2 protein chains.
Amino acid sequence: MMIGLGELQTLLVRILAGKGVPEPQASLLAATIAYGERDGTKSHGLNRLQGYLDSIACGWVKAAPSPVIQDVAPGLLKVDADNGFAQVALALARDAIASKARSLGLASLAIANSHHFAALWPDVEPFARDGLIALTMVNSRSRIIVWNGKRKALGTNPIAFACPRQGKPPIVWDQASSIMSQGDVLLHAAAGRPLPPGMAVDREGRPTTDPNIVLDSGSLLPVGGVKGSSLAFMVEVLAAAFTGGRFGFEDESGRFPGAQTSNAGQFLLLIDPTRMTGSTFYPRIESLVAELYAAGAKRLPADRRYSQRARSERDGIEISGGFEALLRTGT
Amino acid sequence: MMIGLGELQTLLVRILAGKGVPEPQASLLAATIAYGERDGTKSHGLNRLQGYLDSIACGWVKAAPSPVIQDVAPGLLKVDADNGFAQVALALARDAIASKARSLGLASLAIANSHHFAALWPDVEPFARDGLIALTMVNSRSRIIVWNGKRKALGTNPIAFACPRQGKPPIVWDQASSIMSQGDVLLHAAAGRPLPPGMAVDREGRPTTDPNIVLDSGSLLPVGGVKGSSLAFMVEVLAAAFTGGRFGFEDESGRFPGAQTSNAGQFLLLIDPTRMTGSTFYPRIESLVAELYAAGAKRLPADRRYSQRARSERDGIEISGGFEALLRTGT
């Protein structure tokens with residue numbers, strides 16, 4: 001079926017509300033899921049819905065958390081997400097952290113005791129649309145081997161970066177520190193497709209292309225070996241040690257059958273570029289973009305999402321049969 | 001010959017002074033070169049000296065710049081390096097930017113119109129020794145193809161990150177956004193060794209392992225393909241567009257025969273972790289480190305440098321024959 005963004009969100013809110021998620025929190029989670037479908041990032045769209053529901057149903061994630069915001073320093077805000085989803089905590093702090101960044105030139109938000117089960121680009125794109133450079137990092141339960149270790153020690157630990165443009169949608173990238181994202185592994189498992197070679201190892205450290213082995217007891221490899229290990233380490237420091245959140249290896253979701261998420265943390269840095277360079281920032285970014293295209297870059301990060309978004313806004317979002325039943329019945 | 005750090009620095013200062021670099025600027029550059037030798041990072045040690053000298057001699061870099069510091073916002077400092085080396089600009093702003101970070105919880109320094117010809121770890125390690133998390137990025141003349149482009153468009157654009165520990169040297173990583181650093185290409189060329197496969201392409205985009213082709217007209221590849229492209233893009237935005245510096249593709253060093261450096265920019269972010277989590281930050285980092293070792297990580301970033309540093313401090317620094325003549329005669 002084809003469906004509009006608003007209708008999809010309404011259906012999702014109804015399902016989440018049925019599991020005890022109150023407004024406006026249900027709307028925040030529904031938007032995150034719906035944006036994934038709208039923009040064609042299927043790995044973080046409706047295929048995540050059951051994970052949200054199961055993680056709540058088993059008592060691992062609070063359906064109705066009460067996040068607490070704390071102004072810890074002129075440039076720093078902290079939110080304890082109260083064991084709820086990170087989007088709820090971010091929404092609570094959004095205006096205050098943007099205001100700090102505009103006032104000081106930069107500011108950082110730390111979210112702890114939170115669950116992030118979505119892509120990161122929806123977190124940073126809105127700040128860049130408001131003229132701020134945004135960098136965010138989330139840690140997650142251990143899934144990758146680092147620095148030639150023997151077993152998994154850090155999460156796939158994604159990083160997202162958004163750069164504002166004037167009169168155009170921001171340039172946004174969002175990528176795991178692993179060579180492949182957990183979302184992609186889940187998609188391969190769901191489709192019964194093997195992983196490409198060189199992405200993962202089994203529990204003995206032997207190469208494997210079986211996504212189910214990776215999800216069960218194997219490990220993904222960091223991107224670029226040592227370099228991806230270093231990035232994943234930085235994410236663990238900033239998203240967990242700095243925020244006061246849990247490290248990926250401290251995750252206890254295994255005690256809650258059905259839990260799909262990690263209780264971890266999120267780091268967000270906002271920078272107001274106009275405080276440094278005034279109005280020259282935007283034409284400079286356009287010079288850079290022009291050079292990248294001139295050098296043959298096929299497209300910039302987010303371009304594919306924006307194209308799919310435009311199609312979805314014109315034609316509606318196509319929902320496949322399996323998800324149609326889920327949306328209509330909520331189970 | 002074996003030589004002590006102090007003596008090596010003295011010899012280097014004399015050579016730099018002979019080219020018109022005044023104190024204390026000569027000491028800053030000498031330290032950067034000497035630290036590379038002391039710590040065994042030969043790619044950024046004495047093999048860079050001639051590049052410094054040539055870049056000054058041809059008029060491309062100012063021997064005696066007068067960098068100007070500007071307090072642009074409560075959390076932001078800007079330094080115009082006056083077409084000198086970045087280390088001089090950083091030294092000028094060091095105390096002020098650390099003070100801002102401690103006061104606000106975080107702060108950022110932007111250096112423009114600067115030349116960075118060294119490793120980045122010497123820039124961040126001292127801040128972490130003083131208890132600050134430090135992240136820095138430098139852009140450079142175009143050397144890599146990004147997002148499946150046809151010709152080089154961005155620099156190798158290194159990033160360095162330093163995390164403080166209590167009573168122990170910080171964990172510091174420093175890596176190019178390319179699959180191989182420019183320094184490593186130079187070492188391969190000097191040794192007449194081919195590059196490993198998969199690192200670079202020639203001007204037609206065909207794979208090459210010839211370091212001289214890469215240095216002349218070829219391109220390095222980004223680490224992890226799209227992911228390294230994204231990192232290099234972020235560096236270009238933060239180190240050039242945000243600082244008001246030049247993009248790598250705007251480099252004009254080609255007009256100055258002998259010039260080895262790029263006139264570009266540097267971004268530095270400092271965060272005071274104790275402002276967020278108080279004294280719990282340090283034991284948390286030790287928990288993380290313990291887990292990484294338990295998972296079989298062979299060593300942490302910087303461990304190899306620290307080991308070599310300890311050996312150098314005990315036994316002196318070994319200088320090879322070719323560099324001995326250069327140090328003694330200055331030519």
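Here are legends for three close-up views of a predicted model. Local features need pLDDT of at least 70 and side-chain atom pairs count only at pLDDT 80 or more, while totals for chains, interfaces and linings use all residues. Residues are numbered from 1 along each chain as its sequence is written, and chains are lettered from A in the order in which they are written.

**View 1. Where the two domains of chain A meet.** Domain 1 covers 1-57 + 301-331 and domain 2 covers 65-179 + 221-297, with bounds from an automatic or database domain assignment. Their C-alpha centres lie 22 Å apart. Here 17 residues of domain 1 are in contact with 18 of domain 2 (C-beta atoms, placed from the backbone, within 7 Å). On the domain 1 side, α2 (25-38) and α3 (49-57) each give two or more residues; α2(A) has the largest share, with six. Helices are DSSP runs of H or I, at least four residues, and strands are runs of E, at least two, numbered from the N terminus.

**View 2. Chain A against chain B.** This contact takes 56 residues from chain A and 55 from chain B. Elements giving two or more residues to the chain A side include β3 (76-85), α8 (226-241) and α10 (281-294). By class, that side has 31 nonpolar, 14 polar and 11 charged residues (Ala, Val, Leu, Ile, Met, Phe, Trp, Tyr, Cys and Pro are nonpolar; Asp, Glu, Lys and Arg are charged; the others, Gly among them, are polar).

**View 3. A little strand trio in chain A.** The open sheet runs β9-β8-β10, with antiparallel pairing (strands pair if DSSP finds at least two bridges between them). β9 (207-208) and β10 (219-220) stand at the edges with a single partner strand each, so one side of each has no neighbour in the sheet. β8 (200-201) pairs with β9(A) over two bridges, and A:Ala200 stands opposite A:Thr208.

Conventions:
Contact = placed C-beta atoms within 7 Å.
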